[in-house]
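Trainee: I have a model open and would like to take a close look at a single part of it. Could you walk me through that part and then show me how the rest fits around it?

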Amino acid sequence: MNNPPPTIGQNIDKMNLFGFDTEIIDMGGQKYFRDLWDSQFVDISGLVFVIDGSNDSKFEEAGQELTRILQFDELKDIPILISVNKSDLPNCRGINEIAEAIAMTPQTQRSSQFFTWVRVSALIGDGVSEAFSKLMGAIRQHQDQVRHSGGQRQ
């Protein structure tokens with residue numbers, strides 16, 4: 001089975017996911033695109049951070065990038081889905097192993113951030129629907145909290 005090519009630049013899709021009219025912006029992860037990521041953080045409802053679970057040599061770099069983007073105020077109370085991709089491959093690491101490898105500790109996360117981890121295979125679609133269902137549920141919960149707090153972000 002062939003691997004799909006990585007995203008180059010950005011792809012934008014609009015769709016309805018679990019009752020939400022959603023705009024998904026898929027940003028490339030190559031070094032020269034990372035400085036553009038924060039331009040998309042304005043008025044977002046959720047974030048998916050994808051880690052290649054089969055590439056141990058990239059875990060440290062992924063952890064550094066995740067830590068970097070978590071410092072942006074725009075993301076301080078936004079639900080974040082950390083997606084471990086390529087779960088269909090035998091060398092794909094488990095969530096706990098990757099969390100440890102990227103040094104994802106409670107100190108890395110702000111207390112107001114909601115994180116959930118999932119294993120998926122984008123290639124065969126395994127776990128993708130469940131992952132977005134979890135993210136949309138977290139977004140809905142967050143929006144309810146904002147509404148009940150008088151419109152102020154937490």
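Trainee: Which side chain does D56 meet in a salt bridge?

Mentor: The partner is R93: the side chains of D56 and R93 meet in a salt bridge, at 2.7 Å from N to O. Keep in mind as we go that this is a predicted model.

Let's start with where the two residues sit. D56 belongs to the loop between β3 and α2, and R93 to the loop between β4 and α3. They are 37 residues apart, so the pair links distant parts of the chain. Is the pair buried or exposed? Neither label fits, because buried means under 20% relative accessible area and exposed means over 50%. D56 comes out at 39%, so it counts as partly exposed, and R93, at 28%, is partly exposed as well. The pair doesn't stand alone, either: salt bridges that share partners join D56, R93 and E97 into one network.

By the rule used here, the count comes to 6 salt bridges. Two others make a handy comparison with your pair. In helix α2, R68 and E65 lie 3 residues apart, about one turn of the helix, and their side chains meet at 3.0 Å, N to O. R68 is partly exposed at 30%, whereas E65 counts as buried at 15%. Then look at helix α4, residues 128-148, where R147 and D144 are also 3 residues apart, about one turn. Their closest N and O atoms are 2.4 Å apart. R147 is exposed, with a relative accessible area of 56%, while D144 is partly exposed at 30%.

Now back to the loops of your pair and the strands they follow. The chain has 4 helices and 5 strands, and from the N terminus on they run β-β-α-β-α-β-α-β-α. β3 and β4 run parallel and are joined by 6 bridges. If you want a spot to check on screen, L47 has I80 in β4 as its bridge partner. Between these strands the chain crosses from β3 through α2 to β4, and this β-α-β crossover is right-handed. The loop holding D56 is on that path, between β3 and α2.

Follow the pairing on from β4 and you get to β5. Those two strands pair in the parallel sense over 5 bridges. Here I80 has F115 as its bridge partner in β5, and L81 stands opposite T116. So I80 is a good residue to click on, because it has a bridge partner in β3 and one in β5, with each pairing defined by DSSP bridges.

How covered are these strands? β3 has two unlike faces: L47, F49 and I51 make up the covered one, and V48, V50 and D52 the uncovered one. In β4, 6 of its 6 residues are buried. I80, I82 and V84 point one way and L81, S83 and N85 the other, with all of them buried. As for β5, 4 of its 5 residues are buried, so the strand is largely enclosed by the rest of the structure.

That takes us to the inside of the protein. In soluble globular proteins, nonpolar side chains tend to be buried together. Here the largest nonpolar core has 22 residues, and those with the most contacts inside it are I51, L66, I82, I102, M104 and W117. β3, α2, β4, α3 and β5 each supply at least two residues of this core, and the largest share, 4 residues, comes from α2. Apart from it lies another core, of 9 residues, including L17, V118, A131 and I139.

For a view from within, pick I82. Leaving aside its neighbours within four places in sequence, I82 is in contact with F49, I51, L66, M104, F115, T116, W117 and V118.

Finally, zoom out to the whole chain. Of its 154 residues, 38% count as buried. Among contacts with a separation of 6 or more, 66% are between residues 24 or more positions apart. The chain exposes about 9200 Å², and carbon and sulfur atoms supply 49% of that area. Come back to D56 and R93 after that, and you have your starting point in context: a salt bridge between the loop after β3 and the loop after β4.

Terms used. Residues are numbered from 1 along each chain as its sequence is written. This is a predicted model: local features need pLDDT of at least 70, side-chain atom pairs count only at pLDDT 80 or more; totals for chains, interfaces and linings use all residues. Side-chain values use heavy atoms; hydrogens and water are left out. A nonpolar core is a set of buried Ala, Val, Leu, Ile, Met, Phe, Trp, Tyr and Cys residues joined through side-chain atoms within 4.5 Å. Buried means under 20% relative accessible area, exposed over 50%, partly exposed in between (1.4 Å probe, protein chains only). Contact means heavy atoms within 4.5 Å. A crossover is right-handed if, with the strands pointing away from the viewer, the path from the first strand over the helix to the second runs clockwise. A salt bridge is a side-chain nitrogen of Lys or Arg within 4 Å of a carboxyl oxygen of Asp or Glu. Accessible areas come from the Shrake-Rupley method with a 1.4 Å probe; for residues, only the protein chains shown count as cover.
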